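Reader: Hey, could you zoom in on one part of this structure and take me through it slowly? I'm new to this, so please explain the jargon as you go.

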Amino acid sequence: MPLLIRLARCATIDGRRFDLAALENAVIDTEQFEHVRHTGSDPVLSCRGLVKCFDEGPGRIEVLKGVDIAVMPGERVAVIGASGAGKTTLLQLLGGLDTPTAGSVTVFGQDIAGLNGTARGRMRNRALGFVYQFHHLLPEFTALENVAMPLLVRRMPMNQVRAQAVELLTRVGLQDRLTHRPGELSGGERQRTAVARALVTEPAVVLADEPTGNLDRNTGQKVLDLMLQMNRESGSSLVVVTHDMGIAGQMDRILELENGLLVTANV
Ligand SMILES: Nc1ncnc2c1ncn2[C@@H]1O[C@H](COP(=O)(O)OP(=O)(O)OP(=O)(O)O)[C@@H](O)[C@H]1O
Ligand SMILES: [Mg+2]
């Protein structure tokens with residue numbers, strides 16, 4: 001079935017409502033992104049005093065207690081920390097997928113809390129690529145369609161969308177799985193599809209939550225190599241959450257989440 005016809009039935013993308021009418025009216029300010037991307041002197045992504053509390057259950061949990069970070073253009077940052085330390089929580093806040101209890105997140109100098117839902121979605125599509133810890137692929141769509149989604153949101157011509165999505169899936173070794181749905185892919189293949197979806201837009205910042213967690217060492221390194229290659233070629237920054245010190249060691253710096261604060265790792 002043609003991609004666009006199926007897309008018209010799609011109600012959500014990345015877990016959010018997908019409103020084509022709103023996108024029609026969206027004027028995407030790419031100039032600002034391009035400009036900041038090439039100056040190299042301002043952070044592409046930063047947060048200040050980031051606090052996140054969860055009120056669920058009997059008590060209040062303060063997961064993040066005042067996190068500061070500034071990610072420079074082209075910089076590669078690893079975030080490590082024990083299970084439950086708040087790594088996913090932090091990444092979701094940095095990606096504008098959740099709202100902080102206190103503090104601010106700034107993408108290209110713009111506070112994302114100050115943006116409405118549509119503008120925030122546009123900012124994410126233009127500037128950020130997110131690899132979720134648990135892939136979040138749309139189950140009713142094929143690998144190719146999942147990877148194509150962020151480009152379709154941009155209203156890119158269909159032949160270009162397909163070519164770019166196929167290229168990325170080929171680069172993660174899934175050229176023979178284009179028409180498989182997530183339920184027909186292995187865990188590692190799903191994760192690679194999710195990585196391809198995050199990279200297909202050549203985002204300024206890739207936020208990856210354990211992108212190689214389900215992969216054998218060899219495949220994991222190949223996926224990381226692709227991210228590092230993109231980092232070199234297009235100057236995209238990387239923020240990678242990982243438990244694997246072999247991967248963390250390939251980044252420019254390693255930060256550790258400990259007791260709700262982000263500190264330089266002692267490794
Ligand atoms: N929606 C939520 N409601 C209540 N508590 C939450 C919620 N999301 C996360 N938490 C709690 O916040 C803490 C941090 O969770 P988070 O997922 O950020 O950890 P993590 O460092 O990514 O761990 P892992 O390495 O296991 O993935 C955990 O104790 C978790 O139980
Ligand atoms: Mg996590």
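Author: Sure! Strands here are DSSP runs of E with at least two residues, helices are runs of H or I with at least four, and both are numbered from the N terminus. Two strands pair if DSSP finds at least two bridges between them. This is a predicted model, where local features need pLDDT of at least 70 and side-chain atom pairs 80 or more, while totals for chains, interfaces and linings use all residues. Residues count from 1 along each chain as written, and chains are lettered from A and ligands numbered from 1 in written order.

Let's look at the hairpin made by β3 and β4, which has six residues between its two strands. In that turn, find G57: its phi is positive, about 75°. Strand β3 covers residues 45-54, and eight bridges tie it to β4 in the antiparallel sense. Now pick out V51 on β3, which faces K65 across in β4.

β3 has another partner too: β6 (residues 102-107) is joined to it by five bridges, and these two strands also run antiparallel. V51 turns up here as well, with A102 as its bridge partner in β6.

Next, follow β4 (61-71) towards the ligand. β4 supplies at least two residues of the shell around ligand 1, and so does α4 (87-94). The biggest share comes from α4, with three residues. In total, 13 residues surround ligand 1 (a residue counts as near if its C-beta atom, placed from the backbone, lies within 6 Å). Among the closest are F54, S83, K87, T88 and T89. F54 takes us back to the hairpin, since β3 spans 45-54.

For contrast, try the open sheet of six strands, ordered β8-β9-β10-β5-β11-β12, where the pairing is mixed. At its edges stand β8 (128-131) and β12 (261-264), each with a single partner strand, so one side of each has no neighbour in the sheet. Inside that order, β5 (76-80) and β11 (253-258) run parallel and are joined by four bridges. One pair to look for there is A78 with I254 in β11.

How far can you trust the picture? The chain's mean pLDDT (the predictor's confidence in each residue, from 0 to 100) is 84, and 85% of the residues reach 70 or more. Residues 1-36 are another story, with pLDDT below 50. Where pLDDT is low, the predicted coordinates should not be read in detail.

Technical notes. Contact = placed C-beta atoms within 7 Å.
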